[in-house]
Every structure is written in structure tokens, then in C-alpha cells.
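Good morning, and thank you for the time. I would ask you to look at the model first, and I shall then take you through its parts.

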Amino acid sequence: MGRYPVYQSPVLDAVESRMRRSGDAHGYLAGDPRPLVTILTEDDRTVKALGLTHEAIAARLRAFTDAAKRAFGGPVVVEELWRVQLEDFRGRLPCPWGHPGLYAKTHVRLERLDTGETLQWTDLSLHMIEAHGFYQGRGSPYRLDPEKVAALCAVRAQ
Ligand SMILES: [Zn+2]
């Protein structure tokens, strides 16, 4: 935890209540009672301690997404270490921060071939990392723990 109290802005209050009020169908904050500002602050600290940026993490995941798209959805093996595949879901999701536009629900599934570890994300997940530094709550099925992502995907500083 931080050394000093962190206060949540009214804007973040609105975002958090939008996520939780929607019944959290997407599971953004599932199983995580921490205020949104705490989730963001702790993940930001982790990313900085890794010597990375949210942009670098999102760019790495986007490169896997693009490789799968180029392979018409995959599966495709990238750099002999990762297998990536798209899974189409109908429909689009809005950003809970209220940005205009909708994001495809298409899931990307990644498997690291030497360890069998897997990750999954959507276009919205990448937007939320890149624009908001949000990796979703602990316990969310879609949480992209930055430390795990960095190791699993060999993310490098840009
Ligand atoms: Zn947004």
C-alpha cells in the first residue's frame, strides 16, 4: 500500500460506479473490492518497477493481435514461442471511461508453448491498458496482471 492516502476523483468515482452498476457483466472489477484509484495506482507502480510503460505492454499485446489477424484469425505461432488465435464474439463494448466508440468483443487467446500459460484479451482490454493503465481487478477472468503479462510475453521497454 502507499505511504500516503490516495483520494479518488469524482471522474473515477463515476467510472467505478458505471463498472459496478452494470452488474459487472464483463467482470472488470470482479472479486476486487479495492477502490478503482487503488487498483490503478498499484498497477502503475508495478509497471514502473518493471521499467515498462502501459503503452509498451499494450503495443506488445497488439502485435500478437495483429499477427493473428494477418493469419486470418490463426492459430499462428509467433517467434516460435507463442500461439495466438482469435475467437469471434458478436457485439461491441463501450469503454467504461465513456470514450466515444465501441470495441469489438473479439477475444485473442495466447498460449506460451514452453510453459502452457495462457492469456486472453479483447481490443477494449488493450485500450484500457494504453489509455487508462487499467488491467482489471484481481479475480477478474480478464485481469492482465502486468507482472505476469511482462514475463509471459517478454515485453521490452520501447
Ligand atoms: Zn477509454
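In the hairpin formed by strand 1 and strand 2, 3 residues lie between the strands, and Glu 79 takes a positive phi near 50 degrees. Helices (H or I, at least four residues) and strands (E, at least two) are DSSP runs here, numbered from the N terminus. Before going on, I should say that this is a predicted model: local features need pLDDT of at least 70, side-chain atom pairs count only at pLDDT 80 or more, and totals for chains, interfaces and linings use all residues. Residues are numbered from 1 along each chain as its sequence is written.

To return to that hairpin, strand 1 and strand 2 run antiparallel and are joined by 3 bridges; two strands pair if DSSP finds at least two bridges between them. The bridge partner of Val 78 in strand 2 is Trp 82.

How are the strands of the open sheet ordered? There are 4 of them, in the order 1-2-5-6, with antiparallel pairing. Strand 1 (76–78) and strand 6 are the edge strands, each pairing on one side only. From one strand to the next, the twist averages 25 degrees. Axes are lines fitted to C-alpha atoms, for helices over the stretch in contact, and angles run from 0 to 180 degrees between N-to-C directions.

Next, the pairings of strand 5. Strand 2 and strand 5 pair in the antiparallel sense over 6 bridges, and Leu 86 stands opposite Val 108 in strand 5. Strand 5 is also joined to strand 6, again antiparallel, by 4 bridges. Leu 110 faces Leu 119 in strand 6. Helix 3 packs on the sheet, where it touches strand 1, strand 2, strand 5 and strand 6, and its direction makes about 70 degrees with that of strand 2. Contact here requires C-beta atoms, placed from the backbone, to lie within 7 Å.

Strand 5 and strand 6 form a hairpin with 5 residues between them, and Gly 116 in the turn has a positive phi of about 75 degrees. Glu 117 is located in the loop between these two strands. Why does Glu 117 count as partly exposed? Because Glu 117 has 14 C-beta neighbours inside 10 Å; a residue is buried with 20 or more other C-beta atoms within 10 Å of its own, exposed with 12 or fewer, and partly exposed in between. Glu 117 touches Arg 112 and Leu 152, residues up to four places away in sequence not being counted. Glu 117 and Leu 152 are 35 residues apart in sequence, yet 7.5 Å apart in space, C-alpha to C-alpha.

Finally, the interior. A nonpolar core is a set of buried Ala, Val, Leu, Ile, Met, Phe, Trp, Tyr and Cys residues joined through C-beta atoms within 7 Å. The largest one has 23 residues, of which Ile 57, Leu 61, Phe 64 and Ile 129 touch the most other members. Helix 3 gives the largest share of this core, 5 residues.

Conventions. Two residues are in contact if their C-beta atoms, placed from the backbone, lie within 7 Å.
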